[in-house]
Amino acid sequence: MDEIRKIILDCDPGHDDAIALALAGKGKGLELLGIGVEAGNQTLGKTGRNALSLVEYLGLDVPVALGADRPIKRSPLTCPEIHGETGLDGFPFKEIERKFDERDAITMMKDLLLANDKVTLVPTGPLTNIGLLLQTYPEVKPHIEKIVLMGGSMGMGNVTPAAEFNILCDPEAADIVFSSGLPIYMLGLDVTRKALVTPKVIKKMKKVKNKAAKLFVTLMQVYNENQFKTFGLKGGPLHDPATIVALLNKDVFTFKKMNVSIDTSGGPSYGRTNCDISSFLGLPANAYVATDIDRKLFFKTVKKTLERYSK
Ligand code: BDR
Ligand code: CA
């Protein structure tokens, strides 16, 4: 029998985080140990409520804990132009009955890690929680097999010419993570912007009659409109789900090992992921960066996984 991969998701839902969460909860061969939440796409009160609503709606039995309400050093950023005032505009969740885990996200992740081995961390928001976890409890490191994150870009940014949102939200935390010595897999804008949810994708997903597909279709309609208004994109990019898809099917993304450093200068490139693909600097490679995507296989994996949910 294939080995089950234990994962911890750390997110800031967010439309694309919501789909990543749905995939993480039912991914074949994945065991979701817990979900940490931080401020990012919206304030912590909103991203936390969204995470709990999603877990309840999808019927997942997994602890959700609240983490950082602000970045380590810089002032907070949010993204209402894409995710709306609630952080997850468009889906009519009912009143939540579930409660948050009593621990804060960093303590919960520490406990889960110390009780398990070979855990994969999957950050799909700013790296504040993970940065604080590694800084506060370095003893968890031997329990982490790898970190598969959505963030950064080899090329252009999506908030400044140089920086992608998750990394720009907390460059100091990202620096801790990328300097940690742990194996890092970076799914950046170079590939996630190719995973566009076109009307054709939505049409196919409409045929899947279950709650996860309903979530996908409803959220992606709002997300697509906002992505079009803000960036002129012909569909919403499924940034965050790329992390889970990379775990579910090793053939979807191509990775190249290279040195990645984070610009923490505070200048115009603050928050940039400097990806030294040609090894100009001769520094040790610390990350596997996704350089290409098989888009067809990507959406096939997303659909197949969402089909695992009940009606
Ligand atoms: C990232 O920023 C957020 O708005 C998305 O949820 C994703 O994690 C893309 O830059
Ligand atoms: Ca996110």
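Here is a friendly chat between a colleague and a modeller about a predicted model.

Colleague: Let's begin with the metal. Which residues coordinate the calcium ion (ligand 2)?

Modeller: Look for oxygen atoms around the ion, at 2.3 to 2.5 Å. Thr124 gives its O atom, while the aspartates give OD atoms, with Asp17 listed twice. The residues to remember are Asp12, Asp17, Thr124 and Asp240.

Colleague: What spacing do the donors of this calcium ion (ligand 2) follow along the chain?

Modeller: Start at an aspartate and read along the chain through another aspartate and a threonine to a final aspartate. Written as a pattern, the spacing is D-x4-D-x106-T-x115-D.

Colleague: How many residues apart in sequence are the parts that Asp12 and Thr124 tie together?

Modeller: Asp12 lies in the loop between strand 1 (5–11) and helix 1 (15–26). Thr124 lies in the loop between strand 4 (119–123) and helix 5 (128–136). The pair therefore ties together parts whose separation in sequence is 112 residues.

Colleague: Is Asp12 buried or exposed?

Modeller: Buried means under 20% relative accessible area. Thr124, its partner at the calcium ion (ligand 2), has 1% and is buried. Asp12 is also below that cut-off, because its relative accessible area is 0%, so the word for Asp12 is buried.

Colleague: Now the cysteines. How many disulfides does the structure hold?

Modeller: A disulfide needs two cysteine sulfur atoms within 2.5 Å. For Cys79, the closest cysteine sulfur is in Cys169, 8.3 Å away, which is too far for a bond. For Cys275, the closest is again in Cys169, at 18 Å, also too far. The number of disulfides is zero.

Colleague: And what is the relative accessibility of Cys79?

Modeller: Cys275 is buried, with a relative accessible area of 16%. Cys79 counts as buried too, and its relative accessibility is 10%.

Colleague: Let's turn to the backbone. Which peptide bond is cis, with omega near -5°?

Modeller: Go to the loop between strand 1 and helix 1, where you will find Gly14. The cis bond leads into that glycine, and it runs from Pro13 to Gly14.

Colleague: Where is Lys118, whose phi is near 50°?

Modeller: That phi is a positive value in a residue other than glycine. At 46% relative accessibility, Lys118 counts as partly exposed. Its place is in the loop between helix 4 (105–114) and strand 4.

Colleague: What is the phi of Ser279?

Modeller: Ser279 is in the loop between strand 10 (273–276) and strand 11 (287–293). With 42% relative accessibility, Ser279 counts as partly exposed. Its phi is positive although Ser279 is not a glycine, with a value near 55°.

Colleague: On to the helices. Is helix 1 roughly parallel or antiparallel to helix 10?

Modeller: Helix 1 and helix 10 (residues 211–231) pack with their axes 9 Å apart, at an angle of about 160°. Angles over 145 degrees count as roughly antiparallel. That makes the arrangement of helix 1 and helix 10 roughly antiparallel.

Colleague: Which residues of helix 1 make the contact with helix 10?

Modeller: The crossing of these two helices is left-handed. Helix 10 brings Leu215, Phe216, Leu219, Met220, Val222 and Tyr223. From helix 1 come His15, Asp16, Ala18 and Ile19.

Colleague: Last one: how many of the eight residues of helix 11 (residues 241–248) are buried?

Modeller: The buried residues are Pro241, Ala242, Thr243, Ile244, Val245, Ala246 and Leu247. Helix 11 is therefore largely enclosed by the rest of the structure, and the number of buried residues is seven.

Technical notes
Residues are numbered from 1 along each chain as its sequence is written. Chains are lettered from A and ligands numbered from 1 in the order in which they are written. This is a predicted model: local features need pLDDT of at least 70, side-chain atom pairs count only at pLDDT 80 or more; totals for chains, interfaces and linings use all residues. Side-chain values use heavy atoms; hydrogens and water are left out. Donors are N, O and S atoms within 2.8 Å of the metal (3.2 Å for Na, K and Ca); water is not among the atoms, so sites may look incomplete. Helices (H or I, at least four residues) and strands (E, at least two) are DSSP runs, numbered from the N terminus. Buried means under 20% relative accessible area, exposed over 50%, partly exposed in between (1.4 Å probe, protein chains only). Axes are lines fitted to C-alpha atoms, for helices over the stretch in contact, and angles run from 0 to 180 degrees between N-to-C directions. Angles under 35 degrees count as roughly parallel, over 145 as roughly antiparallel, 65 to 115 as roughly perpendicular and the rest as oblique. A crossing is left-handed if the near helix is turned anticlockwise from the far one by less than a right angle, and right-handed if clockwise. Contact means heavy atoms within 4.5 Å.
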